[in-house]
Amino acid sequence: MTFLSPAIETLPAAWRELLSTPTLATQLQAIDTRLAARAAAGVAIYPPRELIFNALHHVAPQDVRVVILGQDPYHGAGEAMGLSFSVPAGMKIPPSLRNMYKELASDLGIAPAVSGDLSHWAAQGVLLLNTSLTVEADSAGSHGKIGWQAVTDALIDAVSAANPGCVFLLWGNWAQSKAERIDAQRHAVLKAAHPSPLSASRGFFGCRHFSQANQWLAARGRGEIAWGAPAAQDSLF
């Protein structure tokens, strides 16, 4: 592989071993061929190749505490950073993330952050995973059928099988379609509407998933997630 190898080779051992199994290695080779050809044709691919597997760099499968599933990366220049719903500091906060911050304020009294960078969640064991890990510039969903879903389904399966118990936050019909892959006897599966402005008022606002996740984790001795922005960041209030 020419496009994906640098990112895969630096992954934690558990993820790297999973992706090297014959079935997934074959799938990734096909994806790599497609990405390399598109990049050679001058097509911008997001996120940058070193960030494609960013969500996996922060936590091993058995150490995941919360999973938040997204669909595909942001397709605007500089937005995608390999973490679902997250954008780099300094970028305009996307509408869905802004609504997530609103729910945090309502649920836990946490003032919305001015930054859309969710790296501090990832560092605490929140797996911010998109099903498609790449996208072409200004073309939402453009890599939805190049094979990523088989790869990321395997990542979800690995967390479900290897983890002692975490919380899956499934927002919207698409994310909820993954529920069948999750061992609900071991994990908490919380469902709500998607935080998009098109649906947030139909069941996302008021879901209190952030506090419920912390209660579930604390009851099992896995600690709570500090959902608020790091002290160095300002808030909107």
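Modeller: Contact means that heavy atoms lie within 4.5 Å of each other. This is a predicted model, in which local features need pLDDT of at least 70 and side-chain atom pairs count only at pLDDT 80 or more, while totals for chains, interfaces and linings use all residues. Residues are numbered from 1 along each chain as its sequence is written, and side-chain values use heavy atoms, with hydrogens and water left out.

Colleague: Leaving aside its neighbours within four places in sequence, which residues is R16 in contact with?

Modeller: R16 is found in helix α2, residues 13-19. Helices here are DSSP runs of H or I with at least four residues, strands are runs of E with at least two, and both are numbered from the N terminus. Once neighbours within four places in sequence are set aside, the contacts of R16 are I8, E9 and L11.

Colleague: Is R16 buried, partly exposed or exposed?

Modeller: Buried means under 20% relative accessible area, exposed means over 50%, and partly exposed lies in between, with a 1.4 Å probe and protein chains only. The relative accessible area of R16 is 34%. That value falls in the middle class, so R16 is partly exposed.

Colleague: How many salt bridges are there?

Modeller: Side chains of opposite charge can pair when their charged atoms come close. A salt bridge is counted when a side-chain nitrogen of Lys or Arg is within 4 Å of a carboxyl oxygen of Asp or Glu. By this rule the number of salt bridges is 5.

Colleague: How many residues apart in sequence are the parts that R38 and E136 tie together?

Modeller: The side chains of R38 and E136 form a salt bridge, at 2.8 Å from N to O. R38 belongs to helix α3 (residues 22-40) and E136 to strand β4 (residues 135-136), so the pair ties together parts whose separation in sequence is 98 residues.

Colleague: Which residue of this pair counts as buried?

Modeller: R38 has a relative accessible area of 29%, which makes it partly exposed. Its partner has 9% relative accessibility. The buried residue is therefore E136.

Colleague: Which helix holds D107?

Modeller: D107 and R208 meet through their side chains in a salt bridge of 3.3 Å, N to O. The pair links distant parts of the chain, 101 residues apart, with R208 in the loop between β6 (188-192) and α9 (209-219). D107 itself sits in residues 95-108, which form helix α5.

Colleague: What covers the buried residues of α5?

Modeller: The buried residues of α5 are S96, L97, N99, M100, Y101, E103, L104 and D107. D107 has a relative accessible area of 7%. The elements that cover these buried residues include α6 (119-122), β5 (167-171) and α9.

Colleague: How far does α5 reach from its first C-alpha to its last?

Modeller: The expected span of a helix is 1.5 Å times one less than its number of residues. α5 has 14 residues, and its reach is close to the expected value. From first C-alpha to last, α5 spans 20 Å.

Colleague: Which residues are linked with D153 in a network of salt bridges?

Modeller: D153 and K178 meet in a salt bridge of 2.9 Å, N to O. D153 lies in helix α7 (residues 148-162) and K178 in the loop between α8 (172-176) and β6, so the pair ties together parts 25 residues apart in sequence. Both K178 and D153 are buried. The other members of the network are D157, K178 and R181.

Colleague: Which residue stands opposite V66 in β3?

Modeller: Two strands pair if DSSP finds at least two bridges between them. Strand β2 (residues 66-70) and β3 pair in the parallel sense over 5 bridges. G70 of β2 has N130 as its bridge partner in β3. Opposite V66 stands V126.

Colleague: Which residues of β3 point the other way from V126, L128 and N130?

Modeller: In a regular strand the side chains alternate between the two faces of the sheet. In strand β3 (residues 126-130), 5 of the 5 residues are buried, so the strand is largely enclosed by the rest of the structure. V126, L128 and N130 point one way, and the other way point L127 and L129.
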